[in-house]
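Biologist: I am new to this structure and should like to understand the terms applied to it. Please begin with a residue and set its value against the definition.

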Amino acid sequence: MKNIVKLTKSALVVVVAGILFMACSQALQVSYDHDSSVNLKQFKTFKVESERTMEEDPLLGSELNRRRLGDAVVEVMKGKGYTLDQNNPEIIVRFMTDVKDRQQVRSNNMYSPYMWWYGGGNNISTYNYQESRFILNIYQKSSEKMIWQGWASGKVKAPTKKDDRETMVKNTMADILRTFPEATQDTYTRK
């Protein structure tokens, strides 16, 4: 009997933790695209900069946001084994963000077999929200050709604390770059 109670309590804790985790997580959809003719595993060095169009936006293109996004990309790329090289990088990682106003329309169909008695109808409601996008474009330096693009989009609620913003941006960049291959180690050179 005690084992059943322990098992039930454990299952309840796991379910509650799962619900809380899902409620606290951001609803971002992450996707990517790449040039299949390019071997992405050949690169070892990178440079990070903002897309040129991002600097035109007064809020998203602010120095604060550009620095926060750039630092997050540098940290994630270094974690994947790449070396930051400002002078002669093999790839250039450019980032940008934007926000779009969206509207969702919901319809609650209230028709039933008993509508002649209770009445019926269709209840329509609209919900306005903002959708954010974080976009990373990776270019091969030698050809200036885009070889990889990743993005995350969805409804993002701005964190209330400064530290939470930096953590949110870093986690988003890590999610976007999750499918980008890690840098391979050169096994032929001696140190």
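Modeller: E144 has a relative accessibility of 45% and therefore counts as partly exposed, since buried means under 20% relative accessible area, exposed over 50%, and partly exposed in between (1.4 Å probe, protein chains only). This is a predicted model, in which local features need pLDDT of at least 70 and side-chain atom pairs count only at pLDDT 80 or more, while totals for chains, interfaces and linings use all residues. Residues are numbered from 1 along each chain as its sequence is written, and side-chain values use heavy atoms, with hydrogens and water left out.

Biologist: What makes the pair E144 and R94 a salt bridge?

Modeller: A salt bridge is a side-chain nitrogen of Lys or Arg within 4 Å of a carboxyl oxygen of Asp or Glu. The N to O distance between the side chains of E144 and R94 is 3.8 Å, so the pair qualifies. The two residues are 50 apart in sequence, with E144 in the loop between β5 and β6 and R94 in strand β4; strands (E, at least two residues) and helices (H or I, at least four) are DSSP runs, numbered from the N terminus.

Biologist: Why is R94 called buried?

Modeller: R94 has a relative accessibility of 5%, which is under 20%, and therefore counts as buried.

Biologist: What is notable about the phi of E144?

Modeller: E144 has a positive phi of about 55°, although it is not a glycine. Most residues other than glycine have a negative phi.

Biologist: How do you know that R133 and D98 form a salt bridge?

Modeller: Their side chains meet at 2.5 Å, N to O, which is within 4 Å, so the definition is met. R133 lies in strand β5 and D98 in strand β4, so the pair ties together parts that are 35 residues apart in sequence. D98 is buried, at 15% relative accessible area, whereas R133 is partly exposed, at 28%. Elsewhere, salt bridges that share partners join K47, E49, R94 and E144 into one network.

Biologist: Which residues have the most contacts inside the largest nonpolar core?

Modeller: They are M77, I91, L136, W148, M173 and F180, in a core of 29 residues. Such a core is a set of buried Ala, Val, Leu, Ile, Met, Phe, Trp, Tyr and Cys residues joined through side-chain atoms within 4.5 Å. Its largest share, six residues, comes from α2.

Biologist: Which helix has the lowest mean pLDDT?

Modeller: Helix α1 (residues 2-24) does, at 43, where pLDDT is the predictor's confidence in each residue, from 0 to 100.
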